[in-house]
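Here's a quick walk through this protein, going from single residues out to the overall picture. Have the sequence and the 3D view open side by side as you read.

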Amino acid sequence: MATGRSTLAESLRELYQFSVVDYCMFGLMLLLSAACGIYFGFFKRSTGSGDTGTPESSSSDDESPGPRRSSGAPAGKKATTFGSSTMDEYLLGSRKLKAFPVAMSLVAGYISGVTILGTPSEIYNFGTQYWLIVVPILLMGYAVCTVYLPVFCSLKLNSSYEYLELRFNTHVRSIASVMFVIDELLFLPMIIYVPALAFNQVTGFNLYVIGAIVCVVCIFYTLLGGIKAVVFTDAWQVVVMFISVVVVVIIGTIAIGGPDVIWDRSVEGGRIDFFNMNPSMYERQTFWAVLIGGFFYWTSFNSVNQTMVQRYMSLPNLKKARLSIAMFTVGMGVFVSVCCYAGLLLYGKYYECDPATIGLVTTDDQLFPHYVMEAVGKLKGIPGLFIAGVFGAALSSLSVVLNSTSAVLLEDILKGLFRVNPTPFVANIFVRGSVIVLGLAAMGCLFIIERLGGILSVASSLSAIAAGTTCGIFTLGMLIPWSNTKGALFGGVSGALLSGWVSLGSQFAGASGELVPHKLPVSVDGCIEDLLTNVTMVRPAYPDESGVFPLYRLSYHWITPIGVLTVLIVGTIVSFITGPRDLRYIDPELISPVIHRFLPQESFGHYGTASKTTGVVVFAEEMKPQTSMPAVTGDSLPYGTTTDQNLQVSRSIHKPNATKSR
C-alpha cells in the first residue's frame, strides 16, 4: 500500500507540471534581466565627467563640484573601461538615480525567495502574530530617516564602513567590513538554493543547472551595468514578484469561496492571534517579541548595511533618500502583508489535509510552491509567473550582494585595510573581477550546500549576529558621542560573542532534538483515503525544555536586540572607564542630528574636520549645527568651515536668488 500512496503522490505532481507557456514566462524574466545589463552597460552609460545625468542633477541640492569621496576618474577625464565610465558611476550611479527605482530596488533586494516562500509557511505553522511585523517596519523607516541617513548623506561616503574609521579608527572599520564580507559569502548560496529547490519541485529540472543559469545571468548584468542595471532590473523584478504573488492569492481566494471562508477556517484552526501578550521570551511569536525584536532586526539590516546604504548614496540628496525610504517602507509593509495573507490562504486550503503530514512536501519552503501547482497549476502561465517572481527575488538579492560586496572589497579591504590606492583602471578590473569571483563562489556552493544539512540555519544565525553587532557599533558612534575606539572594539566583540553564543547554541540544541518549534495543530481528516495509507496522525510529543540552558531557549526575535544592546552597554561603560571623548573637539558631522542639541557649542567649530580629504560638499539642513549660533541652510560649505564663516562662504558660492535663514 505504501507503493500505491507513493504512486498517487507522484501522479499528483505530474498532473501539475510546467507547460511551454510557464517556461517562456521564466525564460523571459532571465532575458529581460540580461538585457538591462547590456542597456545600462553600453547604451545608457555616461560619456565621462560631462554626464548630463537625470533631472535631479540640475537641482540646487546637487551643485557641489563633486562628492567628498570619489573613486572614479579625475574630473574632465574619461576612464577607458567597458560598461560604466567610472567607478563612481558603476558603484553609485554618479549619485544621480531617482527615488522610485531605488525604493523598488530596496524592496527587491530585501525580499528574497526565502521571504516569499518562508513567510506564508510561518503563518501556516505558527499563526498571525508575525503579521504584526508591519508595525516595526514602519518604525524602522522613521528611525533610519532621522538617526542614520542624515549622517551618511552629509559625509557622502562610498562605503558605509568608512564612517567607522572617521569616528573611531581603521581597526574598527576593518573588523566591520570583514564581518560584512564573510556574512555575504555565507548568504550568497542561500539566495539561489531555496528558489532553485522550489523550481526543482514543480518542474523536476536539475537544481544545480537552473541555479547555475540564474547565477550566470546575474553576474552578466551586474558586471556590465553596475548599480544602474541592478536598480532598474530590481524595479521591474519587484513588480513581477508582487504581481505573481497577488495573482496567486486572488485566484486562490476566489477558488476557496472568498476571504470569509479563509478567515473562518483560520479562526477555527487557531491561526488568528495578533495579541499574544505572554511575557515569556521563550515563546516563538509574541506581541513583544515581534514588536521589539522585529524593530531591532529590520533597523539593523536597513540602517547601516552596505547593501542598503550604497543605494541610499546613489541618490542626489537627503530629501530624495528619505522619499525613497518612505516608499520602501510602505512597499515592504504591503508585500509582507500579502505574503502573510497567503499563509492564511494555505491554511484555508489545507486545513483538513496537511501536505507535510502525508508526505507531499518535505520542507516548509515547499508548501507555497506545492499550493501554486495544485491550486492554479492548470492555468497555463500562472505557475511560470509565480516561479519567475520567486527567482526575480533571488536575482535582485544576488545582484545587490554582488554589487555592494565588490564595493566593500575595493573601498574597505583594498584601500582601507591594505592601504592600496589603485588607479581607476585597476579599480575597475578589481571590482568587476570581484563580481565574477563572488558569483562563481555562489554557484560553486550550490553543489555542497545540500550536503551540509544545518548550514542554512547556521548561516542565517551568523547573518543576524553580524547585522546586530555592526548596527550596534554604528549606533554607538552616532548616538553616544562620548564613546571612544576602545569602547567600540570591546562592545563589538562582546556583542558578537553573546549574540553568537545564544544563536549558535539554540541552533545546536535544535539540531540535537532538545528544542523543537511548537507548531499549531493540523489535520488530515479531509485527505483522500489513498493518501492516508500508512499515515498515523499522532499528537506531537515535544521534549521537556526545562533542562536546556535558558539563553538557548530564547525566541529568534531576541538575538538581534541582544547584539545591539550589548554593544551599546559594554561600549559605553568601557568608553567612560578608559576616558570618554572630549565633546568640545568632536566633529558634529559624525554624530546623528538628534544628538546635536546635547553637544557643547565649541564642537561646531570643528564641523566637517574629520574628513580625510578637503573639498566642497553639500550637506542638508538637517545636518546643520543645531545650536543658537547663526547657521545658513542649504549652503555648500568647505570642510572645516566654522559657523561664523558661513555667511562669507555662502555669499561666494551661492546663487544670487538663494534664500538664507538664520
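Let's start with L395, which sits in helix α15. Keep in mind that this is a predicted model. Is L395 buried or exposed? L395 counts as buried, because its relative accessibility is 0% and the cut-off for buried is under 20%. Setting aside neighbours within four places in sequence, L395 is in contact with M29, L30, S33, V214, C218, Y221 and Q237. One of those partners, V214, is 181 residues away along the chain, yet the C-alpha atoms of L395 and V214 are separated by 7.2 Å.

S396 is also in helix α15, which runs over residues 382-417. S396 is buried, with a relative accessible area of 0%. Not counting residues up to four places away in sequence, S396 touches A108, G109, Y221, D234, Q237 and M241. Y221 and Q237 turn up in the contact list of L395 and in that of S396.

**The nonpolar cores**

Now for the inside of the protein. How many residues does the largest nonpolar core have? The count is 155, and the residues with the most contacts inside this core are I116, Y163 and F368. Helix α9, residues 207-256, supplies the largest share of this core, with 22 residues. There's also a second, separate core of 7 residues, including L583, I586, L599 and F604. As a bit of background, nonpolar side chains tend to be buried together in soluble globular proteins.

If you'd like to look around I116, leave out residues up to four places away in sequence and you'll find that I116 touches I111, M241, V245, F335, C339, F368, F386, G389, V390 and A393. Two names there are worth picking out: F368 is itself among the residues with the most contacts inside the largest core, and M241 is also touched by S396.

**Helix α2 and the surface**

What about nonpolar side chains on the outside? I38, Y39, F42, F43 and F220 form a nonpolar patch on the surface, and together they have about 500 Å² of accessible area. Which helix gives the most to the nonpolar patch? That's helix α2, residues 20-43, with 4 residues. F43 is placed in helix α2, and F43 counts as exposed because its relative accessibility is 63%, while exposed means over 50%.

Y23 has its place in helix α2 too, but Y23 counts as partly exposed, at 34% relative accessibility. Leaving aside neighbours within four places in sequence, Y23 is in contact with F18, F199 and T203. Y23 and K380 are 357 residues apart along the chain, and their C-alpha atoms are separated by 10.0 Å.

**Some residues to check by eye**

E545 lies in the loop between α18 (485-511) and α19 (559-578). This glutamate is buried yet has no salt bridge. Where is the nearest side chain of opposite charge? It belongs to R553, 4.3 Å away. A salt bridge here would need a distance within 4 Å, so the pair doesn't make the cut. Not counting residues up to four places away in sequence, E545 touches E514, L515, V516, H518 and R553.

Two loop residues are worth a look for their backbone. K156 has a phi near 55 degrees, a positive value in a residue other than glycine, and R419 likewise has a positive phi near 55 degrees without being glycine. Here's where they sit and how accessible they are:

| Residue | Loop between | Relative accessibility |
|---|---|---|
| K156 | α6 (134-155) and α7 (162-167) | 10%, buried |
| R419 | α15 and α16 (424-449) | 47%, partly exposed |

**The whole chain**

Stepping back, the protein chain has 20 helices and 2 strands. Buried residues make up 58% of its 662 residues. Among contacts between residues at least 6 apart in sequence, 82% join residues at least 24 apart. As for the outside, the accessible surface of the protein chain comes to about 26,200 Å², and 65% of that belongs to carbon and sulfur atoms.

Key:
Residues are numbered from 1 along each chain as its sequence is written. This is a predicted model: local features need pLDDT of at least 70, side-chain atom pairs count only at pLDDT 80 or more; totals for chains, interfaces and linings use all residues. Side-chain values use heavy atoms; hydrogens and water are left out. A nonpolar core is a set of buried Ala, Val, Leu, Ile, Met, Phe, Trp, Tyr and Cys residues joined through side-chain atoms within 4.5 Å. Buried means under 20% relative accessible area, exposed over 50%, partly exposed in between (1.4 Å probe, protein chains only). Contact means heavy atoms within 4.5 Å. Patches are made of residues with over 30% relative accessible area and no salt bridge: like charges are joined within 9 Å, nonpolar side chains (Val, Leu, Ile, Met, Phe, Trp, Tyr) within 5 Å. Accessible areas come from the Shrake-Rupley method with a 1.4 Å probe; for residues, only the protein chains shown count as cover. Lys and Arg count as positive and Asp and Glu as negative; His and the chain ends are not counted.
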